[in-house]
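Please read the following account with the coordinates open, taking the charged side chains before the nonpolar ones.

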Amino acid sequence: HYQEIFDVLLQHNIIEIELANKLKQLVRYRNELVHEYWRIDIKENYRILNEDLSFFEQYLVQVGAVLKP
C-alpha cells in the first residue's frame with residue numbers, strides 16, 4: 001500500500017501529479033524486484049538505476065518546501 005502514500009501527498013498538494021505517478025511506478029517496480037525477481041529485465045533495471053532517479057531530488061524539494069518554517 002505504499003502507493004497510497006503518494007496519493008495522500010498529492011491530495012494535500014504536497015507533491016505534484018507527475019511526481020506522484022513516477023513514485024507509484026517505482027513502488028510497482030520495487031514490488032516486482034521483491035516478489036517476482038525472476039522476471040526482472042536486467043536492461044530495464046540498469047535503465048531505471050541510471051536514468052530515473054532524478055525524481056528523488058524533486059521529492060525532497062517538494063516535501064521540503066512544506067516542511068520549512
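Arg39 counts as exposed in this predicted model, because its relative accessibility is 58% and the cut-off for that class is over 50%. The side chain of Arg39 nevertheless has a partner, since it meets the side chain of Glu36 in a salt bridge with an N to O distance of 3.3 Å. Glu36, at 30% relative accessibility, falls into the partly exposed class.

That pair belongs to a set of three salt bridges in the structure. Side chains of opposite charge can pair when their charged atoms come close. In another of these bridges, the side chains of Arg47 and Glu44 meet at 2.8 Å, N to O, and both residues lie in helix α3, which covers residues 42-51, where they are three residues apart, or about one turn of the helix. Arg47 is partly exposed at 30% relative accessibility, and Glu44 is likewise partly exposed, with a value of 30%.

Lys24 forms a salt bridge with Asp7, and the closest N and O atoms of this pair are 2.8 Å apart. The bridge links distant parts of the chain, for Lys24 sits in helix α2 and Asp7 in helix α1, with their positions 17 residues apart in the numbering. Is each partner buried or partly exposed? Lys24 counts as buried because its relative accessibility is 15%, which is under the 20% cut-off, whereas Asp7, with a relative accessible area of 27%, is partly exposed.

From the charged pairs we can turn to the nonpolar side chains. In soluble globular proteins, nonpolar side chains tend to be buried together. The largest nonpolar core of this model consists of nine residues, namely Phe6, Leu9, Ile15, Leu19, Ala20, Leu23, Val27, Phe55 and Val63. Helices α1 (2-11), α2 (17-35) and α4 each supply at least two residues of this core, and α2 gives the most, with four residues. Ile15, one of the core residues, is in contact with Phe6, Leu9, Leu10, Ala20, Leu23, Tyr59, Gln62 and Val63, when its neighbours within four places in sequence are left aside.

Nonpolar side chains also appear at the surface, where Leu49, Leu53 and Phe56 make a patch of about 260 Å². Phe56 lies in helix α4, which spans residues 55-67. Because its relative accessible area is 38%, Phe56 counts as partly exposed, and this value also satisfies the requirement of over 30% that applies to residues of a patch.

How values were computed. Residues numbered from 1 in each chain as written. Predicted model: local features only at pLDDT ≥ 70, side-chain atom pairs only at ≥ 80, totals over all residues. Heavy atoms only, no water. Patch = residues over 30% accessible without salt bridge, like charges linked within 9 Å, V, L, I, M, F, W, Y side chains within 5 Å. Areas by Shrake-Rupley, 256 points an atom, 1.4 Å probe, with all protein chains shown as cover. Salt bridge = Lys/Arg side-chain N within 4 Å of Asp/Glu carboxyl O. Buried < 20%, exposed > 50% of the residue type's maximum accessible area, 1.4 Å probe, protein only. Core = buried A, V, L, I, M, F, W, Y, C linked by side-chain atoms within 4.5 Å. Contact = heavy atoms within 4.5 Å.
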